[in-house]
Amino acid sequence: MAWKIILAALIGVLIGAALGGLIWRSLQRRQARRVTASRHAAVLESLEVLSRALLQGQVDSSEASIRMSVLLDCLPADVQPKVDVAAIHRLASDCRGFDRGEARSALQPADRNRQDVQRLRLESDQEAAVRAATERLAGVLGDWRTRLSI
């Protein structure tokens with residue numbers, strides 16, 4: 001008789017542990033979804049600010065393209081609706097060879113000026129395409145926010 005009580009208690013503990021494990025896993029998934037949604041919200045907000053700043057001429061297209069390219073890579077590849085932002089990625093890629101930050105500060109003035117001239121030439125050559133891609137991007141950010149449930 002005592003073994004039946006022990007067996008029933010042991011089965012109860014096992015069932016409780018299994019249910020606790022399922023609840024824990026569910027809570028972890030929910031937390032991961034919240035973290036992902038928060039990260040996507042921050043990315044979309046940054047894209048919105050950068051797009052607006054670029055379209056208003058408040059930031060160089062090369063700097064905005066570099067930042068937007070990185071941010072776009074943080075979003076899921078299957079985000080809908082699709083939008084052609086290849087021009088943003090292209091300018092960002094073309095500008096990756098230029099020194100930035102401390103490396104730029106360490107350049108001789110002539111080298112810095114040469115890089116500036118090359119960068120300005122790239123910006124000028126790709127201005128229309130980058131602006132059009134930025135306008136398309138700005139047009140879908142609200143839809144992306146909705147579809148990513150933010």
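In this predicted model, the side chains of Glu135 and Arg131 come together in a salt bridge, with a nitrogen-to-oxygen distance of 3.9 Å. Both Glu135 and Arg131 belong to helix H5, where they stand four residues apart, about one turn of the helix. Glu135 is partly exposed, its relative accessibility being 46%, and Arg131 likewise counts as partly exposed, at 36%. Elsewhere, salt bridges that share partners link Asp60, Arg104, Asp116, Arg119 and Glu123 into one network.

Two members of this network, Arg119 and Glu123, form a salt bridge with each other through their side chains, the distance from N to O being 3.1 Å. Arg119 and Glu123 also lie in helix H5, and their separation of four residues again corresponds to about one turn of the helix. Arg119 has a relative accessibility of 18% and therefore counts as buried, since the limit for that class is under 20%. Glu123, for which the relative accessibility is 10%, counts as buried as well.

A search of the whole structure finds 10 salt bridges, and one that reaches beyond a single helix is the contact between the side chains of Arg136 and Asp84, at 3.9 Å from N to O. Arg136 is located in helix H5, which covers residues 109–147, whereas Asp84 is located in the loop between H2 and H3, so this pair ties together parts of the chain that are 52 residues apart in sequence. Arg136 is partly exposed, with a relative accessibility of 35%, and Asp84 is partly exposed too, with a relative accessible area of 46%.

The loop between helix H2 (61–73) and helix H3 (86–95) also contains Pro81. Gln80 and Pro81 are joined by a cis peptide bond, for which omega is about -5 degrees. As a point of comparison, most peptide bonds are trans.

Attention may next be turned to the cysteines. A disulfide is a covalent bond between the sulfur atoms of two cysteines. The structure holds zero disulfides, and Cys74 accordingly takes part in none, the nearest cysteine sulfur being that of Cys95, 19 Å away. Because a disulfide requires two cysteine sulfur atoms within 2.5 Å, the separation of 19 Å between the sulfurs of Cys95 and Cys74 does not meet the criterion. The surroundings of these cysteines can also be described by their accessibility: Cys74 is partly exposed, with a relative accessible area of 40%, while Cys95 counts as buried, at 2% relative accessibility.

A further feature concerns charge on the surface, where Arg25, Arg29, Arg30, Arg33 and Arg34 gather in a patch of positive charge. Arg30, one of the residues in this patch, lies in helix H1, which covers residues 2–55. The relative accessible area of Arg30 is 39%, and this residue is therefore classed as partly exposed. Residues enter such a patch when they have over 30% relative accessible area and no salt bridge, so the value of 39% for Arg30 satisfies the requirement on area.

Key:
Residues numbered from 1 in each chain as written. Predicted model: local features only at pLDDT ≥ 70, side-chain atom pairs only at ≥ 80, totals over all residues. Heavy atoms only, no water. Patch = residues over 30% accessible without salt bridge, like charges linked within 9 Å, V, L, I, M, F, W, Y side chains within 5 Å. Areas by Shrake-Rupley, 256 points an atom, 1.4 Å probe, with all protein chains shown as cover. Salt bridge = Lys/Arg side-chain N within 4 Å of Asp/Glu carboxyl O. Lys, Arg positive; Asp, Glu negative; His and termini not counted. Charge placed at Lys NZ, Arg CZ, Asp CG, Glu CD. Helix = DSSP H or I, 4+ residues; strand = E, 2+ residues; numbered from the N terminus. Buried < 20%, exposed > 50% of the residue type's maximum accessible area, 1.4 Å probe, protein only.
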